[in-house]
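I set out to record how the protein meets its DNA, how the copies are related, and what lies in the interior. The entries follow in the order in which I looked things up.

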Number of protein chains: 2
Amino acid sequence: MILISADIETQIIDDIMQQIVSKTIEHGEKLPSENELAKKYKVPRMTVRNALTKLEERGYIYSLQGKGRYLKEESTQIQLHLTGKTSFTDKMKEAGYDLKTHNIICEKISFNEQLFQNVNAGKEDNVYKIGRLRYINDEPIAIHYSYVSEKMFPKIEVDGPKIESMFGYYRKLGYKGFTSKKSLLSITFPTSDEQQLLSCKSMVPLIVVESDCIDINTNKVLEHTKILYRSDKFKYDITMD
Amino acid sequence: MILISADIETQIIDDIMQQIVSKTIEHGEKLPSENELAKKYKVPRMTVRNALTKLEERGYIYSLQGKGRYLKEESTQIQLHLTGKTSFTDKMKEAGYDLKTHNIICEKISFNEQLFQNVNAGKEDNVYKIGRLRYINDEPIAIHYSYVSEKMFPKIEVDGPKIESMFGYYRKLGYKGFTSKKSLLSITFPTSDEQQLLSCKSMVPLIVVESDCIDINTNKVLEHTKILYRSDKFKYDITMD
DNA sequence: ACACAAGCACTTGGCGACAAGTTAAGATGA
DNA sequence: TCATCTTAACTTGTCGCCAAGTGCTTGTGT
């Protein structure tokens, strides 16, 4: 197989990444300065700079003006079983993680055909978005959005801002068992708001998992769920069994 | 919830992305020039430029020197059921896609503890990496690596470079049914080689699915599988049933 | 001998001028 | 009238200089 020479910037990224995974550069250690790297690779400083900026945006390194660039401390990847059948809270607690949740938003959303259809809401109905931020070991790692219709949950406007676990809320209202329809996974990048909430850089991919939560008795859709996971904090177990 | 003002560059990205998803900018259409955008957002051209460069690296837009920047043509996302139980080939053919495969590599790999352990190989055994590039509608969309031990498949060195479907190869050797152990999903970025093979930019995330393929009769591990999917070309169905 | 401040050599960050490429309009000549 | 060349006004791309920040070294005064 023959490959034409790729642009040098990408090759520099490859080289540094290789040094990171092979632990030639250790966590917390200072990287060579831009000028040193420019001399090493025989390229203008800008080329090195672009490569380093990309690594920074991907979240591998950070920079301090006047000091240098440093490899971030190692952060363990949490292994998570990706299935809609149990609640996020239960999954994490079972796995023994220190999980905290903050309710960050509860607001009426404007009409959106696809979304309203998912929760069996008509154009005149009200649909609320309830957002929680999930922390593990006090690090934000996921944003969890639930979309519910006011028709189904009349008190949602006042209850919404206090909810941390939707499953808990449903149980209190008498719902006993839950299941889910199709679960879809895709990849996106954080908006500026999401970057701040998750305290991550703009090029850290987010894994989006969307599904509907269904009451096992009535078979009615209770909510549409959308979870944004920081992809650098997880390894997902998608074993089918 | 109060958010401190994020850096302007990120906000510009948000704004342009919003215009893309709301179809204010149409596919193939020319974006405003860097100077126009700089005037619009009241920022130096460099800031706009950085924002646009990021969008380009994520694969949403492309640029032509002297002409301008353009929104890419729409590319449909293929929906794929992510499970290890059926072969990649079968999955795609079932779904009715025009799938082509090219064998791109077959080589003996150097010792790697984790990997060798996966295929039950000792330090003295030979393990081969067989790589195929998957095309759908003549677009490269995934790189599929299979790791097999020579101990298990003595003729792999000569057969390897011709194999397009490992399952087919195993069936020819008398293996009848396959299953898989744990499947793990994570996110990575393409190396320069992978960028060329998949003809994608450096910031297009790749979905990595790793698992072991097991002979259903003997329960022996046949291969360790690692598939790199272009995340922008797929929506993954991870429904459990 | 010690405290402190100035300076220097290094780091990363940002901006502006210019280079390179494209297009279209207009001048020029047959 | 038409073909062709020149020019100018746009586009994106690149490079280098200087600003800003850090910390060590050195010199000076008490």
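**Entry 1: DNA strand C**

I began with the atoms of DNA strand C within 4 Å of the protein, and found that 70% of them belong to sugar or phosphate and the rest to bases. I note at the outset that this is a predicted model.

I then listed the protein residues around DNA strand C and obtained 18, the closest being Ser33(A), Arg45(A), Gln65(A), Gly66(A) and Lys67(B). By class, I recorded three nonpolar, eight polar and seven charged residues on this surface.

I asked which elements of chain A each supply at least two residues of the surface near DNA strand C. They are helix H2 (34–41), H3, strand E1 (61–64) and strand E2 (68–71). H2(A) gives the largest share, three residues.

I looked up individual polar contacts next. For Arg45(A), a polar side-chain atom lies 2.7 Å from a base oxygen of DNA strand C. Two further entries concern phosphate oxygens of DNA strand C: a polar side-chain atom of Ser63(A) lies 3.0 Å from one, and a polar backbone atom of Glu34(A) is 3.2 Å from one.

**Entry 2: DNA strand D**

I repeated the search for DNA strand D. Here 20 residues surround the strand, and Gln65(A), Ser33(B), Arg45(B), Gln65(B) and Gly66(B) come nearest. Among the strand atoms within 4 Å of the protein, 65% belong to sugar or phosphate, with the rest in bases.

The surface near DNA strand D divides into four nonpolar, eight polar and eight charged residues. I found both chains among the elements that each supply at least two of its residues: helix H3 (45–57) of chain A, and helix H2 (34–41), helix H3 (45–57), strand E1 (61–64) and strand E2 (68–71) of chain B.

Which part of DNA strand D does the side chain of Arg45(B) approach? I found a base oxygen 2.5 Å from an N or O atom of that side chain. Gly66(B) also approaches a base oxygen of DNA strand D, through a backbone N or O atom at 3.2 Å. Arg49(B), by contrast, places a polar side-chain atom 3.3 Å from a phosphate oxygen of DNA strand D.

**Entry 3: Relation of the two chains**

I superposed chain B on chain A and obtained an RMSD of 0.0 Å, with a turn of 180 degrees and a shift of 0.0 Å along the axis. I therefore recorded the relation as that of a two-fold axis. The same surface serves both copies, since 98% of the contact residues of chain B recur in chain A.

**Entry 4: The interior**

The largest nonpolar core has 34 residues, and I found that Ile207(A), Tyr229(A), Ile207(B) and Tyr229(B) touch the most other members. I followed Ile207(B) outward, leaving aside residues up to four places away in sequence. Its contacts include Leu185(A) and Ile187(A) in chain A, and Leu185(B), Ile187(B), Tyr229(B) and Tyr236(B) in chain B. In soluble globular proteins, nonpolar side chains tend to be buried together.

I closed with Arg230(A), in strand E10 (residues 221–230) of chain A. Is Arg230(A) buried or exposed? Its relative accessibility is 8%, so I entered Arg230(A) as buried, the cut-off being under 20%. A polar atom of the Arg230(A) side chain lies 3.0 Å from the backbone oxygen of Leu198(A). Beyond four places in sequence, Arg230(A) also touches residues including Pro140(A), Ile141(A), Cys200(A), Leu206(A) and Tyr236(A).

Key:
Residues numbered from 1 in each chain as written. Chains lettered and ligands numbered in written order. Predicted model: local features only at pLDDT ≥ 70, side-chain atom pairs only at ≥ 80, totals over all residues. Heavy atoms only, no water. Near = heavy atom within 4 Å. Polar contact = N/O pair within 3.5 Å; in protein donor to acceptor, adjacent residues only side chain to side chain. Helix = DSSP H or I, 4+ residues; strand = E, 2+ residues; numbered from the N terminus. Nonpolar A, V, L, I, M, F, W, Y, C, P; charged D, E, K, R; others polar. Core = buried A, V, L, I, M, F, W, Y, C linked by side-chain atoms within 4.5 Å. Buried < 20%, exposed > 50% of the residue type's maximum accessible area, 1.4 Å probe, protein only. Contact = heavy atoms within 4.5 Å. Least-squares fit on C-alpha atoms with pLDDT ≥ 70 in both.
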